[in-house]
Amino acid sequence: MKTKGITKENFEKLFAALASKGFRVVAPVKVHDLVTFQEVKDASGVWLEEINTKKSIKEFFFPATECILRYRWSEDGTMVRDVAPSAPETVIIGARPCDASSLPVMDALFTWDYNDAFYLRRRRNTTVVSIACNRADEYCFCTSVGGGPHNLSGSDVMLSATDSGYLVEVVTEKGEEMLAAAPELFSDSAGKPKPYADVPAKFDLEKVKPWLEKNFDSPLWEEISYKCLQCGVCTYLCPTCHCFDIQDEAHRTGGIRVKNWDGCQFALFTKHTSGHNPRPTQAARWRQRVQHKFNYYVERFGTVSCVGCGRCIRHCPVDMNITDHLRRIAEAK
Ligand code: SF4
Ligand code: SF4
C-alpha cells in the first residue's frame, strides 16, 4: 500500500483544493454542540476533535428520504418517469474507521436480491478519507465486532495523526485519484503515527450467535427491553441500519414514490393492514434488532451488521446499552 504524508497546513488547504476541482467535500462541522457531516467549501468550521459525529455518514449514501419515481395520470393512462439519483462526485473527509467499515456491510444488502441504483451510484461517486482514532470513549466497541481504531475496511484513504500532520495510507484506486487531484499537498515522507486508541473488547462475539440461534423465546428479551421508549434514535443514528419504507405521495393528477428510512423499534413498522402485528411488544422488536445484527445478517452475508460505533448507546434517552446485552448473552449458559 502506498503511503504519503501531509502537513497540518496542507491538510487545511486540501478541503478548498478539492472543492475547486469540482468535488462536493463533506466533513464534520460543529454547530453549537452538534457535530455532523456537512458540505464544506474550505477548512473553516471543520471540527475533527469529536470522538465521533452524532449522525453517521449513512445519509450521504442512503438519504433519510428520497423520491425514486414520479407519475402522472390522465384519461390517456398513467405515465411513469424514473428519477435519476443525485450523486455528485463527493469526498468525505474525517469519517471514523467504524463508519467507513459500515459501507461494506451496507454494500452486501444493497446488492443482494436487487442492485439499488440510488445507493450504488452514490457509493461509486464517493471517496472516503477516514481518520484513525487516537481517543475512544466508554461507548466505543469496534474491537468487539472485528474492527479497530485503524481498521482500513471501507476507507479509500486512511489518515493517522502525527506530530506535524498526518500519515496518509492510500487504500484504493479512488483514494489514489483523490490524491492526484491535489498532488502538491502530499509529500513522500510522514512522521510516526501517534498511538491509536485503546478500545478494550466488551464481549466475546464468537459466543453471541450460537446463543441467539437457540434463544428466540428467552425471557431475557422482555427483561432488557422494559425501558425502551420506541423512539427509534438507535436505528436512525446507526450506520448499518438500513430499513426503509416505500410510500406514494399522490394528488389529483399524479404523485411521487418516496423511499423513507424506517426502523424496527417502531410498533407501526411491522403492523399489517389487518391490524395484526407479528412483533407486538417492545421485547419482540428489541429481539429483532439484536437477532438481525448478530445472527440473521451473519447467516446471510457472513458479517455482523454492527461496527461498534457506540451511537445507539451514547444517544439513547434511557441508557439502553447493547454491549451489556451482548455480554449477558455471551456469558449465558
Ligand atoms: S434509542 Fe433507546 S429508547 Fe430509543 S428505540 Fe433505541 S433503545 Fe429504545
Ligand atoms: S448497533 Fe449501535 S454500535 Fe452497532 S453500528 Fe449500530 S449504532 Fe453503532
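Buried means under 20% relative accessible area, exposed over 50%, and partly exposed in between. These words are used in the legends below, which describe close-up views of a predicted model.

**Figure 1. A salt bridge joins Arg257 and Asp248.** The closest N and O atoms of the two residues are 2.6 Å apart. Asp248 has a relative accessibility of 41% and therefore counts as partly exposed. Arg257, at 31%, is likewise partly exposed. The structure as a whole holds 17 salt bridges.

**Figure 2. Helix α8 is bent and mostly covered.** The helix runs through residues 282–301, which makes 20 residues. From the first C-alpha to the last, α8 reaches 26 Å, close to the 28 Å expected at 1.5 Å a residue. A bend of about 50° occurs at His292. Of the 20 residues in α8, 14 are buried. Gly302, just after the helix, takes a positive phi of about 75°.

**Figure 3. Glu299 and Lys209 form a salt bridge between two helices.** The N to O distance between these side chains is 2.6 Å. Glu299 belongs to helix α8 and Lys209 to helix α5 (residues 208–214), so the pair ties together parts that are 90 residues apart in sequence. The partners lie in unlike surroundings: Glu299 is exposed, with 57% relative accessibility, whereas Lys209 is buried at 17%.

**Figure 4. Arg327 and Asp324 form a salt bridge within helix α10.** Their side chains meet at 3.3 Å, N to O. The two residues are three apart in α10 and are thus separated by about one helical turn. Arg327 is partly exposed, with 32% relative accessibility, and Asp324 is partly exposed with a value of 32%.

**Figure 5. Arg122 is a buried member of a salt-bridge network.** The network links Arg122 with Glu66, Asp116 and Lys259. Arg122 is placed in helix α3 (residues 117–124). The relative accessibility of Arg122 is 7%, so this residue counts as buried. Beyond its neighbours within four places in sequence, Arg122 is in contact with Phe60, Phe61, Pro63, Glu66, Pro85, Ser86 and Ala87.

**Figure 6. Asp156 is buried yet has no salt bridge.** This residue is located in the loop between β7 (126–131) and β8 (157–161). Lys174 is the nearest side chain of opposite charge, at 4.2 Å. A salt bridge requires a nitrogen and an oxygen within 4 Å, so the pair does not qualify. A polar atom of the Asp156 side chain does lie 2.7 Å from the backbone nitrogen of Val128. Contacts of Asp156, leaving aside neighbours within four places in sequence, include Thr126, Thr127, Glu169 and Gly175.

**Figure 7. Lys2 makes a polar contact with Glu176.** The two side chains approach to 2.5 Å. Lys2 lies in strand β1 (residues 2–7) and counts as partly exposed because its relative accessibility is 38%. Lys2 also touches Val168, Glu169 and Val170, among residues over four places away in sequence.

**Figure 8. His32 and Asp319 each have a positive phi.** Most residues other than glycine have a negative phi. For His32, phi is about 55°; for Asp319, phi is near 60°. His32 is found in the loop between β2 (24–31) and β3 (34–40), and Asp319 in the loop between α9 (311–314) and α10 (322–331). His32 is exposed, with a relative accessible area of 73%, and Asp319 is exposed with 56%.

Conventions
Residues numbered from 1 in each chain as written. Chains lettered and ligands numbered in written order. Predicted model: local features only at pLDDT ≥ 70, side-chain atom pairs only at ≥ 80, totals over all residues. Heavy atoms only, no water. Helix = DSSP H or I, 4+ residues; strand = E, 2+ residues; numbered from the N terminus. Expected span 1.5 Å × (residues − 1). Bend = angle between axes of the 7 residues up to and from the residue. Buried < 20%, exposed > 50% of the residue type's maximum accessible area, 1.4 Å probe, protein only. Lys, Arg positive; Asp, Glu negative; His and termini not counted. Polar contact = N/O pair within 3.5 Å; in protein donor to acceptor, adjacent residues only side chain to side chain. Contact = heavy atoms within 4.5 Å.
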